Amino acid sequence: MYDIGRSKRATRAYSLDDIALIPSRRTRGTEMVNLEWRIDALTFDFPIMAAPMDSVMSPATAIEFGRLGGLGVLNLEGLWTRYEDPTPYLEELAGLGDDVATTRRMQEIYSEPIKAELITARMAEIRAAGVPVAGSLSPKNASRFSETVVNTGADFFVIRGTTVSAEHVGSGDDVLDLRKFIYELDVPVIVGGCATYQTALHLMRTGAAGVLVGFGGGAAHTTRQVLGIEVSMASAIADVAEARRDYMDESGGRYVHVIADGSVGHSGDIAKAIACGADAVMVGSPLARATEAPGRGWHWGAEAWHADLPRGSRVHFEPVGTLAEVLSGPSRVPDGTMNLVGGLRQAMATTGYSEVKEFQRIELTIR
């Protein structure tokens, strides 16, 4: 603990940038590395989820992401469930440069109500392609549209917010008891974000299949500036991984997946997140660099168009290649923003690990 003046104490926390992997075992060939990730009844080729952000996930990119071996998550509060054809609005946003004007216009565009029939249609489109189906709602809208999501036959229901607790206290429709809510659902739920051991333990006790660590959005939001809230991801992942272990003992062996959601912009970040204890990661900004990205190089999160307190600004990335190349290469840039899967595979091979669960036990150093 560290003293902040005479009346306040704080713990020291570390970001992913503060740590590094230690290659302390024999190296392996990359062909010996197994990146498969199994959650609930499904197995994916690699432990990467696509973040439910309009700038990176449309029904088409969710389908492509699934065909490539990952899990794409569609934002069920985004443009694709508000408009029959959101393409003109995406093109308009891509042409705006001024941050203030963009924020105002986004607030106007996103004021269109969410339509249950569009949720059904978009999820059906993804299902028809033969890939896993996942949709995301905020805690505020989870109860309202849960029946619609379940009726689509979704494989996963993601409840994602800036920070999510086991019981959100509010008034009217703004009350969500996750334990009761998840118990009554006939679909696996992934919920978050969270950043502490105790919050994660409470979320695991609700029956969630996975817990998101972090507040998502990465560089595309300014929660630290507006709310004073920030997550030091290395410490947060390690704390939640400890909650996972303790919950396994408490529940008699039930395993809840830990998914890093935030500050994962490069392949090295993916490796370090898993080394801290994550089972998988949720990525956004690297996918915004794909030529197919709906944001056309611009990247933003749900916080950016909040009606009363927007706390995000768009970030612009130059396209580097197709979605397939961003995920699995070949890479044409040296900074780890392409071939994310290959970067993780190489990191594990270089440090001598062939399985993701083993890799979670690697030694780390503080830079």
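## Two cavities and a loop residue

The largest cavity holds about 50 Å³ of space. Keep in mind that this is a predicted model. Count the cavities of 30 Å³ or more and you get two; the second largest has a volume of about 40 Å³.

Here's how the two linings break down by residue class.

| Cavity | Volume | Nonpolar residues | Polar residues | Charged residues |
|---|---|---|---|---|
| Largest | about 50 Å³ | two nonpolar | four polar | two charged |
| Second largest | about 40 Å³ | six nonpolar | two polar | one charged |

So who lines what? Around the largest cavity you'll find Asp99, Thr102, Thr103 and Met106, along with Ala304, Gly312, Ser313 and Arg314. The second largest cavity has Pro52, Met53, Asp54, Asn75 and Tyr110 in its lining, together with Trp300, Gly301, Ala302 and Trp305.

Now for a look at one loop residue. Ile229 sits in the loop that runs between helix H8 (223-227) and helix H9 (233-251). Is Ile229 buried, exposed or partly exposed? Its relative accessible area is 32%, and because buried means under 20% and exposed means over 50%, Ile229 counts as partly exposed.

What does Ile229 touch, leaving aside residues up to four places away in sequence? Its contacts are Phe215, Thr223 and Arg224. Take the Phe215 pairing: the two residues are 14 apart in sequence, and their C-alpha atoms are 9.3 Å apart in space.

Technical notes:
Residues are numbered from 1 along each chain as its sequence is written. This is a predicted model: local features need pLDDT of at least 70, side-chain atom pairs count only at pLDDT 80 or more; totals for chains, interfaces and linings use all residues. Side-chain values use heavy atoms; hydrogens and water are left out. On a 1 Å grid over the protein atoms alone, a cavity is a set of points where a 1.4 Å probe fits but cannot get out, and a pocket is an open set with protein on both sides within 12 Å along at least five of seven lines; lining residues have an atom within 4 Å of a point. Grid points are joined across faces, edges and corners, and a volume is the space filled by probe spheres set on the points. Ala, Val, Leu, Ile, Met, Phe, Trp, Tyr, Cys and Pro count as nonpolar, Asp, Glu, Lys and Arg as charged, and the others, Gly among them, as polar. Helices (H or I, at least four residues) and strands (E, at least two) are DSSP runs, numbered from the N terminus. Buried means under 20% relative accessible area, exposed over 50%, partly exposed in between (1.4 Å probe, protein chains only). Contact means heavy atoms within 4.5 Å.
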